[in-house]
Every structure is written in structure tokens, then in C-alpha cells.
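The following account leads the reader through one protein model, from single residues to the interior and then to the charged pairs. Please keep the sequence and the structure in view while reading.

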Amino acid sequence: MLRSTAAISVHLACPLWGRKAGASLTRCLHQSLTMAKQLQARRLDGIDHNPWVEFIKLSSEYDAVNLGQGFPDFSPPDFAVQAFQQATSGDFMLNQYTMAFGYPPLTKILASFFGKLLGQELDPLKNVLVTVGAYGALFSAFQALVDEGDEVIIIEPAFDCYEPMTLMAGGHPVFVPLRQSPAPKGQLESSNDWQLDPTELASKFTPRTKALVLNTPNNPLGKVFSKMELELVADLCQQHDVLCISDEVYQWLVYDGHQHVSIASLPDMWGRTLTIGSAGKTFSATGWKAAVAQCFEREQQHFGQPSSYFLQLPQAMQLNRDHMIRSLQSVGLKPLIPQGGYFLIVDISDFKSKMPDLPGAVDEPYDRRFVKWMIKNKGLVAIPASIFFSQPHQKEFDHYVRFCFVKDEATLQAMDGRLQKWKGEPQP
């Protein structure tokens, strides 16, 4: 029986080898499996398209500088690498099962570390849950908390997994966009220019509303929600008895003196907030999840001191951000200054007016056509910002693209080279 099971698993998995994460499972399975019955569950209908696959594939085909995907291409801190080495070569029992809710030393240090930040006494067995990545935490949260017919409010732009995860759980996504105000004349626009309209937000709450998804710092904008904005969200959640799923994976990457505030720390929000963090984002190691307990133990000892990684990393990434802003401006791109996170978005309105007829499908948002053109002709990869908006709003925001600045110096220099070449070419 075990051999038969293994054979079936290999048969189904083979078409996935060599593909990037996110490739359509349905398409891959149908390459090797034909059934008279519908293979995929009906809850997957309409959510099997993944735009990331296309742009990542183009990136490799054209040998472009990848500034699209949100991962560091530099080494994690030495203490994290050493902790990983110790975890894999030390106690052999670390290779075996641990407690279902997480490795006890990890849940204990997380409870201690974040309990102090949130002003709460956290129970490692009741208040902390370790998952395989923040993505896994989000999926588990939607599956556990959203019932058939529940409404989930999603603030746009939003990480593109919130909508399909809501739909898979049987819920109904309700979108509310951040509204952009013009920047003062002569100044670059900022992610802080994008604000919630209190009346519009309040109108989205109904008796069917089960949860609101908050992302601060926001991906893709880099907006850090202020305490006043969070108090608005908190008041509405309390008034309508709504849960808050707070995605705070970029909480340690905050710039220009801004402060990250966890909504769970506000009065009466502790009991209705699920806060999600990311060890991969926290320690610049998005590909592995081990040794996190030792990393947090080390950070707790250095927290608030110059030797703290949570101070050193944002200082270094702010320099990267400023470097990228200056470089992108040189070719006429208009960056918005992010307050936090891995990313900045760039206004491509000028290109849209000068080059409106880029190749692509008739109904394809302009930013997607622009990114393909930029990859093929300029050797630079970005991600179209329209994928972070719901379908009805995509055309309204198809004049922005997203770049990741959490990159190695060599990558930024390669970017500079491509931009200087671009600058020397005839402009549209």
C-alpha cells in the first residue's frame, strides 16, 4: 500500500518539478491525469490563475534584473546562519516531530518577546501558533474563522492571496480602497498620501461582516498605518463585533522615524485580533523556517541596542530604498516613498500617455503590458500593481508598478547599469 501511494504521489507531482511556486495545480495535474468527474473542488473555480508565474518566467528568459519578487538576495545575519547550522547538526531529535502548535522553545520565546511589545502576558500554549510560513498562517486563519456567506473586508491595494483565500473558505470579499491625496507641489508622493475614507470604510460593515484584513506595513504600498487610522479600524471592529486579521510581516522594516503599531495593542482589540508575523521576513531568510527560536533569543538580548538586527536591517534598507528612488527618477519614473516594508510603487502615468499602445490583450491592464515591455526591452523586472486590486478596480490603478529594494548591492548596481543604458536611449 505504501508503494502504491508513493507511485501515485510521484505521478501527480512530476509535472510540477521545475515550476515556480503558484503554478496552476489544475493545469499541471491534467497533463498526467484525466478524469470524467471534475478534478478540482468547485471552491477553486475562478481562482486558479496566478499572474506571478508569467512575469517570473519572462524574467529568466530575458536575463533581467529581478526587482519584482519580494525576497532578499543577500545572506541572513551570521547569528541566524549559525543557529540554522546548530539546529541541523546538533540534537538529532530536532529532526523528529515536535508539539502540534510549535517547537516549545520557539513558542516560549515568541510569547516572551511579543508579550512585552504588546503589553500582554502571553501563554505559549494558548496565544502562540507556529505555522509553515505566514502564508500558511493566513490560509489557516481564513479556513478556521470564515464561514460560508461571511463577508471579509479587504483594504486595497492588498496582497493578492487575501481574496482567493476568502473565496476558498466560502466567504465574500468586500473591498475598500485607500484613497490617494496629491502630494505638496515639488515633493515626491508618499505612501502616507494614501488614506482610508472613514465614511466609506464604515459603509462596508454589515451584519454579515466576520473579519477585516489589515496589512501594515502594506504590500505593495509600504504604507505604515498611523495609530489614529488603526483606532478608526478598531472602533468599527468593536462596534460591529468583527475580527481583525492583522498581517504584520514587515513590522521591523519601518523607515524615516515612523513607528509600527500593532492593532492588538489598542484598547479592547486584544480579544478580537489575530496577528500574523514572519520569521522569514524578520531575519531575511525567506526560504527556511528553522532556528527561529535562537534568533529571537539573541534579538531579545540585543533589542533596542545598536547591535539589534531589528535596528540594523531597516537602517540598511532605508539606504537601499533611497538609492532605488534616485535611480528610477533618472529615467522619468515617479516613485512613491514607502514608510515601511520591502517595496515601493512607481507611477508610470507619463509612459502610459506617451506609449499607450504597448503589445498585449485588449482588456489587459496597462501596467501588465508595461512590465512585459520593460523586461523584454530594458532588462528590469517589476510587478504590475493592478494585481493587488480587485477586478473592478484594476483599470483605475493600472498606472503603477512595484519594485523590491531589499536587494544586495550588486543587484542595485546591475539595476543602475540597466537604467543608465535606458537613460541614454531615445525617450518616448
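**A guided reading of the model**

S226 lies in the loop between β6 (209-215) and α9 (227-239). The model is a predicted one. With a relative accessible area of 32%, S226 is partly exposed. Its C-alpha is 9.4 Å from that of T216, a residue 10 places away in sequence.

A second loop position offers a contrast in surroundings. Q251 belongs to the loop between β7 (243-247) and β8 (273-276). Its relative accessible area is 12%, and Q251 is therefore counted as buried, the limit being under 20%. Leaving aside residues up to four places away in sequence, Q251 touches F114, P217 and H260.

Attention may now turn to a charged residue within a strand. R402 sits in strand β13, which spans residues 400-404. R402 is buried yet takes part in no salt bridge. The nearest side chain of opposite charge is that of D160, 7.3 Å away; a salt bridge requires a nitrogen and a carboxyl oxygen within 4 Å, so this pair does not qualify. What does the side chain of R402 reach at 2.8 Å? It reaches the backbone oxygen of G68. In addition, a polar contact of 2.8 Å joins the side chain of R402 to that of N219.

The nonpolar interior comes next. In soluble globular proteins, nonpolar side chains tend to be buried together. Here the largest nonpolar core holds 86 residues, of which F296, M324, L333, F370, F403 and W422 touch the most other members. Helix α12 (residues 309-329) gives the most to this core, contributing seven residues. Beyond residues up to four places away in sequence, M324 touches L67, L344, F403, C404, F405, L412 and M415. Apart from this core lies another one of 29 residues, which includes V176, L196, C244 and F389.

C244 leads to the matter of the cysteines. A disulfide is a covalent bond between the sulfur atoms of two cysteines. The count of disulfides in this model is zero. Why is C161 without such a bond? The closest cysteine sulfur, in C244, is 15 Å from the sulfur of C161, which is too far for a bond. C161 is buried, at a relative accessible area of 1%. C244 is likewise in no disulfide, and its nearest cysteine sulfur, that of C237, is 5.1 Å away. C244 counts as buried because its relative accessibility is 1%.

Charged pairs complete the picture. Side chains of opposite charge can pair when their charged atoms come close. The whole structure contains 14 salt bridges. In one of them, K210 and D150 have their closest N and O atoms 3.8 Å apart. This pair links distant parts of the chain, 60 residues apart: K210 is in strand β6, and D150 is in the loop between α6 (133-145) and β2 (151-156). K210 is partly exposed at 26%, whereas D150 is buried at 14%.

E151 and R208 form another salt bridge, with an N to O distance of 3.1 Å. Here too distant parts of the chain are linked, since E151 is in strand β2 and R208 is in the loop between α8 (198-203) and β6, 57 residues apart. E151 is buried, with a relative accessible area of 7%.

R298 and E299 also form a salt bridge, at 3.6 Å between the closest N and O atoms. R298 is partly exposed at 22%, while E299 is buried at 0%. Finally, E54, E364 and K372 are linked in a network of salt bridges.

Definitions and conventions:
Residues are numbered from 1 along each chain as its sequence is written. This is a predicted model: local features need pLDDT of at least 70, side-chain atom pairs count only at pLDDT 80 or more; totals for chains, interfaces and linings use all residues. Side-chain values use heavy atoms; hydrogens and water are left out. Helices (H or I, at least four residues) and strands (E, at least two) are DSSP runs, numbered from the N terminus. Buried means under 20% relative accessible area, exposed over 50%, partly exposed in between (1.4 Å probe, protein chains only). Lys and Arg count as positive and Asp and Glu as negative; His and the chain ends are not counted. A polar contact is a pair of N or O atoms within 3.5 Å; within protein, one must be able to donate a hydrogen and the other to accept it, and residues adjacent in sequence count only if both atoms are side-chain atoms. Contact means heavy atoms within 4.5 Å. A nonpolar core is a set of buried Ala, Val, Leu, Ile, Met, Phe, Trp, Tyr and Cys residues joined through side-chain atoms within 4.5 Å. A disulfide is a pair of cysteine sulfur atoms within 2.5 Å.
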